[in-house]
Amino acid sequence: MDKPHKGLPVDSLKYYVWLSALLIAVFMVISPLYLLIKYAVSDSSSINTGGSPIPLWPYHPTVRTFLYLFSDRQFYSVIINSICIALGTVFLSMILGVPAAYVLARYRLPGRKLIVLGLISVRLFPDISSIIPIAEFFIRLNLHNTYAGVILAHTLLALPYVIFIGMSAFETIPGDLEQQATVMGANRFQIFYSILLPLAIPGLAAAALYTFLLSWDEFIFSYFLLGLGKISTLTLYLKQKLTYSPPQNLLATISVCLSLPVIMFSLLLQKYMTAGITSGSVK
Amino acid sequence: MADVVVKGISKYFGEHRVISDLDLDVKSGEFVTLLGPSGCGKTTLLRMIAGLEKIDKGDLFVGGKRYNDVPAQHRSVAMVFQSYALFPHMSVYDNVGFGLKIKKVGREQIKQKIAWALSMLNLDGLGDRFPKEISGGQRQRVALARALVLDPDVLLLDEPLSNLDTTLRDKAMEELKRIHGQVGKTIIYVSHNQVEAMTMSDRIALLNAGCLEQYDTPRMVYDEPRTLFSASFIGSPVMNVFNGQIEHEDDMMGVSTPIGFFIFDKETALRTQSIAGSEVIIGVRPQNIARADHYAARRYSDTMVMVTVELVQSLGDRSLVVGRGENETIIRFLVTREDDIRPGQQLPVFIDGRKIHLFDPLRQTNMLSK
Amino acid sequence: MACAWTQKIVTRIREMWPLFPAAAYLLAFLIIVLAYLLGLSFSSTIEGRPLFPTLRPIHAVVASHGFKEALVNTFYFVIIGTPLELIAGLFLALILYRSFFLRNFIRSLFCIPLAVPALVTAILLFILFDFPGGHINHILMGKYGHLPALIHTPLNWRGTKVLALGISLLGKVWRDTPISMLILLAGLNAIDPELFDAAKTLGAGFRARLWHIILPLLIPSCATVILLRSIEMWKEFIFPFVLAGKYSLLGTLIESLYNDWGSSNEAAVVALVLVVCIVITTFTFLIIMEIIRKWLWKGMSRGQTA
């Protein structure tokens with residue numbers, strides 16, 4: 001049967017209504033980003049205008065704030081901290097999560113759904129509620145103000161996602177390959193290592209990237225676990241700058257540095273995000 | 001009840017022309033089938049009549065009124081879809097009454113009309129059920145009821161029977177014909193199944209790649225196919241087609257084919273005298289080739305051809321034999337079941353000279369059309 | 001008999017062991033969270049001596065004015081924010097649904113707010129809604145050419161309760177709308193497009209199609225959105241933390257009790273209350289949905305002749 005192309009009878013009025021709605025929506029989505037960038041490159045005269053309207057584009061756009069930031073030793077150490085913590089989180093989450101995802105994807109377990117539900121049940125608690133117990137517990141274990149503590153906490157946040165994304169990554173690999181290998185005499189570990197893992201790498205890479213970004217812009221747990229100590233992450237650095245009437249361009253610049261990796265990689269991760277969203281809607 | 005006139009209609013999807021300059025006129029109260037293979041544009045044409053697709057070129061008139069710019073919801077045309085498109089969240093009663101509710105018809109009137117529609121389609125008592133609770137055949141009838149209850153001028157049906165199994169389909173075809181008789185509406189029906197078309201239609205519009213190949217009654221389409229396409233599409237099993245040349249042999253007019261020289265009957269001979277020597281495409285239906293035995297009385301216009309049996313397929317009361325003749329040419333013909341034929345057997349067959357179709361090789365039109 | 005059983009268990013363990021580390025990890029935290037929440041909420045210290053169990057922290061919290069304020073504030077936050085997110089999500093989803101041109105690009109575009117860290121969004125609003133300067137104040141005072149002046153003195157956004165919580169809500173809705181958009185879009189895509197064709201041929205114009213087909217079939221998705229987003233509203237922390245520091249929601253109250261006042265017990269009580277609020281909301285919602293579903297069924301077959 002011939003299937004007609006989806007050509008809607010374009011009613012002029014309806015089309016223009018739709019178009020204006022689209023433009024309004026795009027404006028609402030884009031303008032905050034524009035403003036962020038604008039403030040990041042603003043010079044002080046564009047900010048402290050003393051009553052006259054703030055310009056929509058700075059009088060003398062400058063990268064001075066960025067340079068200032070990058071010359072600050074503390075800024076560098078903060079970024080390095082964030083990166084280290086994020087990497088540590090990725091490492092731990094993948095070590096724990098990938099094998100778990102493998103088992104859940106590959107074996108017909110009774111009550112599999114229940115198991116998955118049970119695993120994510122800790123994430124059903126609000127972040128702000130679960131941080132209190134965890135902070136207290138970590139103080140008891142002297143994990144307060146340590147890298148290890150934050151990494152453990154971030155892993156807790158990321159693990160369910162790694163498992164979920166990993167499960168779908170493994171599930172897309174057809175089972176015949178493994179059956180073939182078993183017939184040819186390979187044991188489970190060999191199968192996992194030389195067949196499943198290489199094929200699942202795209203999906204697992206997405207999970208790793210997602211974990212990295214999650215740790216990179218995590219605020220709540222980091223704030224409670226590191227707030228008063230010597231270790232600081234980029235998010236905490238940003239928050240600290242907030243307390244003493246900070247120059248807005250500085251805030252914006254740091255924000256841009258914080259957001260850039262996330263936005264860039266999120267666009268790459270679009271596909272996996274939608275899967276993560278539906279599981280993240282539990283979050 | 002209204003007539004539908006399609007004048008010079010074309011439709012483009014991007015650069016691709018899906019319907020080319022089509023003319024069609026459906027008389028008021030007629031049952032017309034748009035028949036053709038997938039992709040021929042029949043559904044597109046139907047949707048244009050319904051108002052679901054825009055008409056790029058040409059005019060559409062329904063009951064004398066120009067419908068090109070009339071939006072679908074204002075047309076006096078109702079449509080039944082292949083997948084029925086019943087509203088899953090509404091009961092049968094609400095589905096059937098949907099159009100009436102939109103038109104703000106009074107509650108009592110709606111009740112009456114729905115009752116009438118449901119009983120006409122043997123759906124009594126199903127008003128409270130939901131689409132997922134009833135069978136496919138019932139759903140199809142609900143879709144019909146939903147369309148009929150609005151008393152449209154034209155009823156459009158887009159392959160409504162293709163999702164039913166064969167037993168249901170035969171019954172449904174009977175019912176459709178009966179309903180057509182009862183309500184007397186103009187019906188335009190789309191199908192790729194020629195049996196449906198032949199059984200139910202007053203006229204068949206045969207479409208191929210967006211062009212109208214033939215528009216005639218079922219009998220005419222079968223007996224006098226206008227083009228090679230018509231001839232091969234209509235009729236089951238499929239027609240035998242050969243290339244050949246009109247020739248004069250031993251004082252007889254006929255056509256030479258790879259499998260042999262077929263004699264014409266008197267009338268055909270007269271009409272082809274002037275074009276002797278021309279290249280033609282020959283079509284002979286399997287029904288017009290018979291086993292040459294004591295059963296068949298030999299007409300003077302029958303040609304006998306020797307074939308070697310390759311395959312025998314039982315069709316129930318008859319069998320289809322695939323045979324190979326001269327020059328390795330395949331020829332298909334029908335025999336009655338009592339015959340006991342085996343592959344490898346040599347069999348003589350008669351080609352009925354009165355039923356030979358000749359087609360111009362260039363334009364593929366029937367050279368013998370009156 | 002027992003042998004076959006243990007055999008089964010052994011095989012199961014051999015299959016499943018890679019799962020155990022992750023499961024243990026998550027279960028451990030679950031236990032810690034539960035234990036400490038309950039433990040802290042019911043213990044206290046009097047003159048340095050620990051006391052358990054006791055209702056002192058609960059009494060302290062319930063009696064405090066700040067808690068009642070925070071509860072009420074958060075309740076309004078949820079009641080106002082959830083429908084806002086639903087409508088905004090519906091708006092975006094409908095735009096995307098009717099778009100046949102650059103659809104994927106626009107969808108990615110609409111998802112950008114999700115990609116921006118919540119803290120950044122909050123800080124951006126911090127800058128925009130500055131007092132006395134700030135873009136928003138300037139726009140409202142008509143300082144940009146042809147736009148009319150709506151107010152004469154700048155508004156102290158972060159200093160007024162309603163305004164501060166208002167912009168926190170704005171930030172939260174802006175950031176999370178893509179999620180409701182995606183859920184609603186999935187619901188819209190699940191509707192058989194032929195239903196629209198059928199409705200058109202039956203005489204239904206745009207409004208009729210929206211009302212009788214899209215909205216009813218979208219109710220499950222809307223329900224999902226309302227449930228999930230209302231839970232999110234209860235939990236909100238970052239936006240009010242940055243933008244409405246002085247006015248508490250339950251989330252920021254927990255933080256201030258813990259960090260500023262150092263009373264982890266009371267913080268735990270509020271944290272527990274938050275969990276309870278979420279559970280109550282979920283159950284209430286599910287019950288309401290059941291009632292609505294039953295009413296809808298009934299309404300369909302009401303007043304019809306068989």
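This report describes a predicted model of a complex, beginning with its confidence and moving on to its chains, domains and contacts.

**Confidence**

For the complex as a whole, the predictor gives an ipTM of 0.80 and a pTM of 0.79. In chain C the mean pLDDT is 84, and 94% of the residues of this chain reach 70 or more. Within chain C, confidence is highest in helix α10 (residues 194–201), at a mean of 92, and lowest in strand β2 (residues 49–51), at a mean of 71. Over residues 300–306 of chain C the pLDDT is below 50, although this stretch has 14 contacts in the model beyond near neighbours in sequence. Where pLDDT is low, the predicted coordinates should not be read in detail.

**Fold of chain A**

Chain A contains 13 helices and zero strands, so that, by the helix and strand assignment used here, its pattern along the sequence is written with α elements throughout. Of its 283 residues, 41% count as buried. Among the contacts in chain A with a separation of 6 or more, 75% are between residues 24 or more positions apart.

**Domains of chains A and B**

Chain A and chain B are each given two domains, and the table lists their bounds together with the separation of their centres, taken over C-alpha atoms.

| Chain | Domain 1 | Domain 2 | Separation of centres |
|---|---|---|---|
| Chain A | residues 13–62 | residues 72–280 | 33 Å |
| Chain B | residues 4–226 | residues 240–359 | 40 Å |

In chain A, the contact between the domains takes six residues from domain 1 and seven residues from domain 2. On the side of domain 1 of chain A that touches domain 2 of chain A, α1(A) gives the most, with four residues, and the residues of that side divide into five nonpolar, one polar and no charged.

**Contact between chains A and C**

The contact between these two chains takes 60 residues from chain A and 57 residues from chain C. Several helices of chain A each supply at least two residues of the side that touches chain C, among them α4 (73–106), α6 (127–140), α7 (147–171) and α12 (248–268). Helix α1(A) gives the most to this side of chain A, with eleven residues. The residues of the side of chain A that touches chain C divide into 43 nonpolar, 13 polar and four charged. Helix α1(A) thus appears in both settings, giving the most to the side of chain A that touches chain C and also the most to the side of domain 1 of chain A that touches domain 2 of chain A.

Terms used:
Residues are numbered from 1 along each chain as its sequence is written. Chains are lettered from A and ligands numbered from 1 in the order in which they are written. This is a predicted model: local features need pLDDT of at least 70, side-chain atom pairs count only at pLDDT 80 or more; totals for chains, interfaces and linings use all residues. A residue is buried if 20 or more other C-beta atoms lie within 10 Å of its own, exposed if 12 or fewer, and partly exposed in between; C-beta atoms are placed from the backbone. pLDDT is the predictor's confidence in each residue, from 0 to 100. Domain bounds come from an automatic or database domain assignment. Ala, Val, Leu, Ile, Met, Phe, Trp, Tyr, Cys and Pro count as nonpolar, Asp, Glu, Lys and Arg as charged, and the others, Gly among them, as polar.
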